[in-house]
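I opened the notebook to look up a few things in this model. My entries follow in the order I made them.

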Amino acid sequence: MEEKGMDEEHGGDAERERVEGVWRNIRQTFMDMSISNGNAENKHDDRRPSPPGFEDLQYLRGFGNGFSSEAIQGALPNSQNSPLKCPFGLYAEQISGTPFTAPRKANQRSWLYRMKPSVTHEPFYPRQPAHEHLLSDFSNAKGCVTTPTQLRWKPSQISEARTDFIDGLFTICGAGSCFVRHGYAIHMYAANVSMEGYAFANADGDFLIVPQQGRLWIKTECGRLQVSPGEMVVLQLGFRFSINLPDGASRGYVLEVFSGHFQLPDLGPIGANGLAEPQDFLTPVAWYEEQVHFGFKVVQKFGGALFEAKQDFSPFNVIAWRGNYAPFKYELRKFCPFSTTLFDHADPSINTVLTVPSEIPGVAVVDFVVFPTKWLVAEHTFLPPYFHRNCMSEFMGLIYGLYEGKAEGFLPGGASLHSCMTPHGVDTLTYEKTVAGEDDSKPSKVSEDTLAFMFESSLTPKITPWAFNSPDIDPDYYKCWIGLRSHFDQGNANLKVTRQESPRSP
Ligand SMILES: O=C(O)Cc1cc(O)ccc1O
Ligand SMILES: [Fe+2]
C-alpha cells in the first residue's frame with residue numbers, strides 16, 4: 001500500500017493497521033452505494049468511483065450558507081462536530097476564518113473530516129529562491145512609489161519559461177499591512193503551467209481571483225472548482241489550494257484583502273432583489289485524492305514571504321466538511337445591473353458585487369465592482385463614466401471587449417489605477433463621440449462583449465517598483481485627455497443652464 005513508506009518512516013505497525021482499516025471501510029462504502037459528490041445517478045460498482053472532471057463539477061449554491069458535503073455518505077459525524085471517534089477513522093479539524101468570539105452573524109468556520117490533519121508536516125523553511133515580486137506589508141514597503149498621476153498598464157506578456165500561478169504572481173499596489181490585518185494588495189498573474197508537487201495557502205488574506213485568459217482548475221480542501229474568464233473565485237485565508245492551467249498561457253487579476261472577508265453589499269432602497277443573487281455563488285462539494293506524494297510540499301504565504309514544509313500526503317484528503325467558511329465562485333454575467341431609468345448617471349457603487357467593509361459605515365476597505373453589459377436609457381444625460389475625482393482609489397481591469405469609458409489603450413488583460421483624488425474620466429475620443437451624438441432619447445445597449453471590473457478602496461495604494469518601472473506601463477496615458485478642448489460658449493451660457501435644470505424644476 002502506498003501509505004506504507006510513510007508508516008515505516010514513523011515506525012508504526014498499529015498506525016498502518018489503523019490506516020488500512022480506514023481504507024477497507026472506505027472501499028466497502030464505495031462498493032455498497034452510489035455516491036460521488038452528491039451525484040446520485042452515478043452508480044459505480046468499481047472499487048473506486050471516478051469523480052467527475054473539472055468541466056462537469058457540481059456545486060453547492062448560496063452565499064455564506066451553513067453547507068455540508070460528503071464525498072462518502074456517512075463521513076460527517078451526527079449531531080456533534082468533534083466526536084471522540086469520527087466516522088471511518090477520520091480526523092476532525094476546524095478552520096476558523098473569524099475569531100472564535102466574532103458575532104454570530106459574522107462568524108465563519110468549517111469542520112473538515114480528513115484522513116490526516118494539516119499539522120502532519122515537517123517544519124516550515126523559507127522557500128528558495130524567494131519570491132521577489134510579492135508584497136503584503138505596505139507600511140514598510142521600501143522602493144514603493146506613490147503618485148497622484150493616472151497610471152495604465154498594457155497586458156503583460158506571458159513568458160515562455162515554465163511559470164505556474166504562484167511564481168507568476170506579481171504585486172501591483174496595495175495599502176495597509178497583513179501584520180495588522182488591515183488593507184489589501186492588488187496582484188496580477190501571468191503563467192503557463194500547473195502547480196506541481198505543492199499546495200499553496202495564504203495566511204495573510206483572502207484571494208479574490210479574476211481570470212482574464214485561461215481557465216483555472218482549482219483543487220481546495222473543500223473540493224474542486226473550474227473558474228473561467230468571466231467568473232471570479234474567492235479562496236479565503238488558510239485554505240490549501242492548487243491551481244492547474246488546462247489552457248496553458250493564462251493571465252488575470254488578484255485582489256488580496258487583509259481586513260476580513262467579502263460580503264454581499266446591502267441593497268438599501270433597491271429592495272430584496274438585484275445585483276448579485278446569493279443563489280448564484282457556487283461552493284465546491286467534498287472531494288479528495290488518496291495519492292501519497294513523496295516530497296509533496298505545502299507553501300504558505302505568511303507575512304508576505306513564502307515558506308514551505310514537506311508532507312508526504314495530499315492536503316486534499318477531506319472526505320467531508322461542513323460550515324460556512326469555504327471557497328466560492330461567481331459568474332459575473334449573472335450580475336443583475338440596476339441603474340438610472342430617466343436621467344443622470346448612477347455612481348459605480350450600484351455595480352458592487354462584493355464588499356469588505358471597514359468599521360466606518362459606508363466606507364469599504366475594498367469593493368469589487370463589475371461593469372457588465374446594460375441598457376442605457378437615460379435622457380439628456382452624459383452616459384459614459386463622468387469626469388471625476390474620488391476620495392477612494394480605483395484600480396480597473398478589463399476581461400474582454402472595450403470599456404465604455406475608453407475608446408483605445410485600455411486593453412483586455414491591462415489595468416489602470418486612479419488613486420485618491422486623481423482626476424479621470426472618459427478619454428477625448430469617447431467624449432467627442434458622446435456629445436456629438438444627436439439623439440439620446442432612444443435606449444442603446446452597451447456591447448454584450450464587454451466585461452470590465454474595478455477594485456475600489458478607501459486606502460490609498462503604494463505602487464511596487466516593479467509595477468511602476470514595468471515596460472508595460474503606458475507613459476502616454478495622460479495624452480488621452482490632453483485633447484479635451486474647451487467648448488465654452490459664453491453666448492449660449494444662459495440658454496444651456498436653463499435647459500439642463502428643467503428636469504428638476506417645479
Ligand atoms: O472611472 C471609471 O471608469 C469607473 C467609473 C465608472 C462610472 O460609470 C462612474 C464612475 C467611475 O469611477
Ligand atoms: Fe472612476
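I began with a strand pair. Phenylalanine 281 stands opposite tyrosine 330 in β20. I noted that the model is predicted. I then looked up the two strands: β16 covers residues 281–284 and β20 covers residues 328–331. They pair in the antiparallel sense, over two bridges.

Next I traced the sheet. I read the order as β1-β16-β20-β13-β10-β15-β8-β7-β28, an open sheet of nine strands with antiparallel pairing. Which strands stand at the edges? I found β1 (59–61) and β28 (462–463) there, each with a single partner strand, so one side of each has no neighbour in the sheet.

I turned to another pair. Strand β11 (residues 216–220) is joined to β14 by four bridges, and the two run antiparallel. Here threonine 220 stands opposite phenylalanine 241 in β14. I checked which way the side chains of β14 (residues 241–244) point. Phe241 and Ile243 go one way, Ser242 and Asn244 the other, and all are buried. Such alternation between the two faces of the sheet is what a regular strand shows.

Then the core. I looked up the largest nonpolar core and got 107 residues. The members that touch the most others are Tyr113, Tyr184, Ile209, Val318, Ile319, Ala320 and Phe453. Nonpolar side chains tend to be buried together in soluble globular proteins. I followed alanine 320 further. Leaving aside neighbours within four places in sequence, alanine 320 is in contact with Ser69, Glu70, Ala71, Ile72, Ala75, Leu76, Tyr113 and Ala286.

I picked a loop residue next. Serine 136 lies in the loop between β5 (125–126) and β6 (151–153). Is serine 136 buried or exposed? I counted 26 other C-beta atoms within 10 Å, and 20 are enough, so serine 136 is buried. Beyond four places in sequence, serine 136 touches Cys178, Ala185, Asp204, Gly303 and Gly304. I also took the distance to threonine 171: 8.6 Å, C-alpha to C-alpha, with the two positions 35 residues apart in sequence numbering.

For ligand 1, I listed the surrounding residues: Pro348, Pro385, Tyr386, His388, Glu394, Gly405, His424 and Met454. By class, that shell has four nonpolar, three polar and one charged residues.

Last, the totals. I have six helices and 28 strands for the protein chain. Of its 506 residues, 38% count as buried. Among contacts between residues at least 6 apart in sequence, 76% join residues at least 24 apart.

Technical notes: Residues numbered from 1 in each chain as written. Chains lettered and ligands numbered in written order. Predicted model: local features only at pLDDT ≥ 70, side-chain atom pairs only at ≥ 80, totals over all residues. Near = placed C-beta within 6 Å. Nonpolar A, V, L, I, M, F, W, Y, C, P; charged D, E, K, R; others polar. Core = buried A, V, L, I, M, F, W, Y, C linked by C-beta atoms within 7 Å. Buried ≥ 20, exposed ≤ 12 C-beta atoms within 10 Å, placed from the backbone. Contact = placed C-beta atoms within 7 Å. Pairing = 2+ DSSP bridges.
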